Each structure stands twice: as structure tokens, then as C-alpha cells.
Amino acid sequence: MQIQTVAEMAAAGTTPDILFWVGCSGSFDQRAQKITKAFATILNKVGINFAILGKEEFCTGDPARRAGNEFMFQMMAYQNIQVLNNYGIKKIVTACPHCFNILKNEYPELGGTYEVIHHTTFLQQLINEGRIKLKEGGTFKGKRITYHDSCYLGRANDIYEAPRKVLEALDAELVEMKRCRSKGLCCGAGGAQMFKEEEKGTLRINQERIHEALETQSNIVAAACPFCNTMLTDGVKSQEKEDSVKVLDVAELVAASME
């Protein structure tokens, strides 16, 4: 895909309306790259003037701060803030709730104040405005979908409705897990757990969560976070249900259903 970088736009004397913050997972993880492509495809189809930082984008520092390395977090954050402020970036959209939370709530005290939107909220806005046109009797019509609330989207930022509204627009049957919304269960990756060995216990959190998802008898588990996607996919594999249950990001579901 040919996606312009902010640097290329600046060289041509233009600026993007929106910066798409890709994040580490969306850049380097093979599975999450598909989510990045799906979201970029939607933005292109709708005609949004957007750009990415490309090689100038560094990790937000979220895992470092969660794991207790405050010094490393601040170094990374200041570097990002300098780049963003130099380009005069005002509006950021990201598909990662971890990037979303830290850019929105924790960068301002270091001098980085932006309008930060999670991609599910942005997709809901585009559907409401009629800019995203969904196929009649779309790909997921009548399919049972259960949605997993990401901790940083739900409890941390109170975003429960936007992803559900997007899924309802797909004409699918939305089935809630026992623990959902503010009572949702973590996928097991938050707080930098994604990058470390697990502690001893009797059951992995992602397996407990996928049990709840399978109980809904859904064909699709919808996620809105690349980390959740990885953990839930591993959970599905552990139950040997890969053929009957798919874990997909909200953006992938929308991209597959667009006219």
C-alpha cells in the first residue's frame, strides 16, 4: 500500500487532517498488520486526508511505564512529542487502546496535547455520517458476533457503545459474554504482561476469557485491540476451534463489509 508519511506531506507543503498512529503491534506483528491494512483501506475508500509517521514513529512508551521503567517512558514520550509538535499534528487516530490511552491521557502533562480518537469511535462517526457504505445483506448478516471489551478502551476510557454500534451496523447478531462492559475480563496482556513470562497459576486468563466467548456460541469474536486479538486467537487455538471461531478486529469486519 502506498501511504503518505507526514514528512512527505510536509515536503510538499501540505498537512494531513489526521495522523494514523500505527503502533508497534500494528507495525511489526504479522497478524496486527492486517488490522492496520484494513483500517488504512477504509480511510482510503472514504477519502480521508491522512498520513503516518513511518520511521519517525517510536513506541509510545506504554509498556515501559506499565512495567515500571518511568525514565525510559519519558525518553520515548518526549521524542514522540517533539516529532508531533514539529509537524503541528492536532488529531490522531489509532487502532491500539494502549497507544490511545497514553497519547490521550498521559502525554498532555509532558507537553503533548492532541485530539486522540480510537478507531472504533472514528468508524462509528463515519458510519453515522453516511460516509462508510455497507453492503446490503453484508458478509456478516445473521452471524453471531461477541465483542470483547479491551480494558484500556472500556474501563479506562468508558468507550463501550462505539464498537457495539459499529457491529450492529453490520446486521450481525451481537451476543454479550457474561462479563462485559465495565465488568469485562482482561485478555491477559495488559500492564506489560504481553511482554513477560506469566506467573504460576491454574488457568491462563486468555483461556478463561475464550471459554466465556465460546459459551455465547458466536462464529466471530470481535476485538478492538491488537494485544486482545493475539491473546484471544491463542485462546481459540488452545481449544482447537480455529475452524469454527474467528477472532477479527472491528476494522477488519467493516473493511470486509464495505461497498
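Colleague: Which residues line the second largest cavity?
Modeller: Happy to walk you through this predicted model. The second largest cavity holds about 60 Å³ of space. Its lining is made up of His98, Ser150, Cys151, Tyr152, Cys186, Cys187, Gly190, Cys225, Phe227 and Cys228.

Colleague: How many nonpolar, polar and charged residues does the lining of the second largest cavity have?
Modeller: Cys and Tyr count as nonpolar, while Gly counts as polar. Cys151, Tyr152 and Gly190 are among the lining residues of this cavity. By class, the lining comes to 7 nonpolar, 3 polar and no charged residues.

Colleague: How much space lies in the largest cavity?
Modeller: Good one to ask next. The structure holds 4 cavities of 30 Å³ or more. Phe20, Val22, Gly26, Ala32, Ile35, Thr36, Ala95, Cys96 and Pro226 line the largest cavity, and by class they divide into 7 nonpolar, 2 polar and no charged. The space inside the largest cavity is about 70 Å³.

Colleague: Which helix gives the most to the lining of the largest cavity?
Modeller: Look at Ala32, Ile35 and Thr36, which are among the lining residues. The helix spanning residues 30-46 contributes 3 residues, the most to this lining. That helix is α3.

Colleague: Are α3 and α11 parallel, perpendicular or oblique to each other?
Modeller: Helix α11 covers residues 250-257, and its axis lies 8 Å from that of α3, at an angle of about 50°. In passing α11, α3 makes a left-handed crossing. Angles under 35 degrees count as roughly parallel and 65 to 115 as roughly perpendicular. The two helices, α3 and α11, are therefore oblique.

Colleague: In the sheet with the order β2-β1-β3-β4, which are the edge strands?
Modeller: This is an open sheet of 4 strands with parallel pairing. Strand β1, residues 18-21, pairs with β2 over 2 bridges, and Leu19 has Ala51 in β2 as its bridge partner. Pairing on one side only marks out the edge strands, β2 (50-51) and β4 (115-118).

Colleague: Why is one side of β6 and of β8 left without a neighbour in the sheet?
Modeller: These strands belong to an open sheet of 4 strands in the order β6-β5-β7-β8, with parallel pairing. Both β6 (173-174) and β8 (246-249) stand at the edges, so the reason is that each has a single partner strand.

Colleague: Which residue in β8 stands opposite Ile220?
Modeller: Strand β7 takes in residues 220-223 and runs parallel to β8, joined to it by 4 bridges. Opposite Ile220, in β8, stands Lys246.

Conventions:
Residues numbered from 1 in each chain as written. Predicted model: local features only at pLDDT ≥ 70, side-chain atom pairs only at ≥ 80, totals over all residues. Heavy atoms only, no water. Pairing = 2+ DSSP bridges. 1 Å grid on protein atoms, 1.4 Å probe; cavity = no way out; pocket = protein on both sides within 12 Å on 5 of 7 lines; lining within 4 Å. Points joined across faces, edges and corners; volume = space filled by probe spheres on them. Axes fitted to C-alpha atoms, helices over the stretch in contact; angles between N-to-C directions. Parallel < 35°, antiparallel > 145°, perpendicular 65-115°, else oblique. Left-handed = near helix turned anticlockwise from the far one by under 90°.
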